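Here are my notes on the model, set out as numbered points for your reading alongside the coordinates.

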Amino acid sequence: MVQLWKGEAAQWRLTLCLDGKAGTLEMGDQPRQLLVHLGEKPETEGLRRAAAKAAKQVISLEGQSAVLDAAPAVELLGAEGLAALIQGAELAVYRHETWKEKREEKPFALYLDGTGALDAETVLAETAALDHWICFARDLTNRPGNKLTPDMLAREVAETAEKLGVECQILDEKETRALGMEAFHAVGDSSANPPRLIVLRHKGGKPDQAPLALVGKGVCFDSGGYSLKTNMRGMKGDMAGAASVCAALFALVENKVPVNVTAVAPCVENRVSPSSFLPDDVIGSMSGKTIEIGSTDAEGRLILADAITYAIEKENACKVIDIATLTGAIGRMLGSVAAGVMSNNDGFFADLQSAAALTGEKFWRMPDYPEYGKLIESPVADVYNSSDGCGAIAAGLFLGTFAGDTPWLHLDIAGTGHADKMSQPYQPKGATGMGVATMYQLCKDLTKQA
């Protein structure tokens, strides 16, 4: 959709206004002009929002093409500024797939001019690839449960991996049961659609370099189990974490980022059936820890517990990031503005914040004072899967017991995984693809530390 301008005719001219001064762009046909005000000291996120608003405004006025003078952004922020403009426009015009008999397509082309001596082709290629995979994550997350069972998700990821030449392993229920993934199966065995564990490996770094693991919750539909939800609308998107880790790894592969990263996505359905697990059950886990079940609706942390253990023990991960639409509590706390974070490593959290400063995604670190540990204590098992309060903190602490001493980040995107009135203009209604850009940037930044 975004291309470099080479003199093509366009219906609109978009002019960036900085410090009250507008840039200029001479065009023979004198197209309609839209002024895009950036404020006095815009940062990358401001450019991203401005480009999104501009693209959406032109489309709302039935425009099909526009040319944007990127010179003010490039002069101010260089390649990062150009990438923000590209991303804002591309993500803003995303439309999720539908199953209507007829779908109206409205093509839109945005041309960039004023890139100067910058290697704009390289910036455009990298950003466009990342945007494509963010939209891939959005597509999967927006898909209805009957169109995306655990096996369907696994097969689509495997087919995509094959096209990209990515190493992919899909573990079926026999293989995961043999690994002792009892927590994973407590949830997965509740459905006639069997569970799947997706493992993707990007080996772009040094052969002896241990990988960073991205672990994403893949509950393809969540009824709450016997702790039945009163409202299940939107629970098709409870696999946003799985979609995000797969998309982030595919972006790293397409852009040939020289780093070793493994994505692990435990995929299940949480349903009510004769084989469903129950409140007060005590179950095992791959780590050997036992878990008392307080709520069957706290299922995401169960499958993530085994997936984190798998990443550390079987994939030899040196660091772990888990990402999940985990708790309603985080949405009530932070809304759709920021994701909640827990971590056992200050340096790793600083890496996350540094990456997020470029991507515009916001993360707020939750406290982990020792007193909160009582929330997940159990008189009959090693750990309790629910709590009577501080739900987002309790969920993070629960997962932290399975990460152990491995540097670990937990990202709770239950509030930010879907757009609402507080979301950014480049996040249309539906899934946002939250976390893909920041995980990609964080992994890319690791190449500078090596």
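1. D238 lies in the loop between β10 and α7, and in this predicted model the residue is buried, with a relative accessible area of 5%. Leaving aside residues up to four places away in sequence, D238 is in contact with K217, G218, V219, D222, E299 and T325.

2. Y226 is found in that loop as well, between β10 (218–222) and α7 (240–254), but Y226 is partly exposed, its relative accessible area being 42%. Because this value falls between the 20% limit for buried and the 50% limit for exposed, neither of those two labels applies to Y226.

3. Y226 also belongs to a nonpolar patch on the surface, which is formed together with L228, V272 and L278. The accessible area of these four residues together comes to about 360 Å².

4. How many disulfides does the structure hold? The count is zero. C267 is in no disulfide, and the nearest cysteine sulfur, which belongs to C220, is 5.3 Å away; since a disulfide requires the two sulfur atoms to be within 2.5 Å, this pair does not qualify. C267 is itself buried, with a relative accessible area of 0%.

5. C443 is likewise in no disulfide, the nearest cysteine sulfur being that of C318, 10 Å away. With a relative accessibility of 0%, C443 counts as buried, because buried is the term for a relative accessible area under 20%.

Terms used:
Residues numbered from 1 in each chain as written. Predicted model: local features only at pLDDT ≥ 70, side-chain atom pairs only at ≥ 80, totals over all residues. Heavy atoms only, no water. Patch = residues over 30% accessible without salt bridge, like charges linked within 9 Å, V, L, I, M, F, W, Y side chains within 5 Å. Areas by Shrake-Rupley, 256 points an atom, 1.4 Å probe, with all protein chains shown as cover. Salt bridge = Lys/Arg side-chain N within 4 Å of Asp/Glu carboxyl O. Helix = DSSP H or I, 4+ residues; strand = E, 2+ residues; numbered from the N terminus. Buried < 20%, exposed > 50% of the residue type's maximum accessible area, 1.4 Å probe, protein only. Contact = heavy atoms within 4.5 Å.
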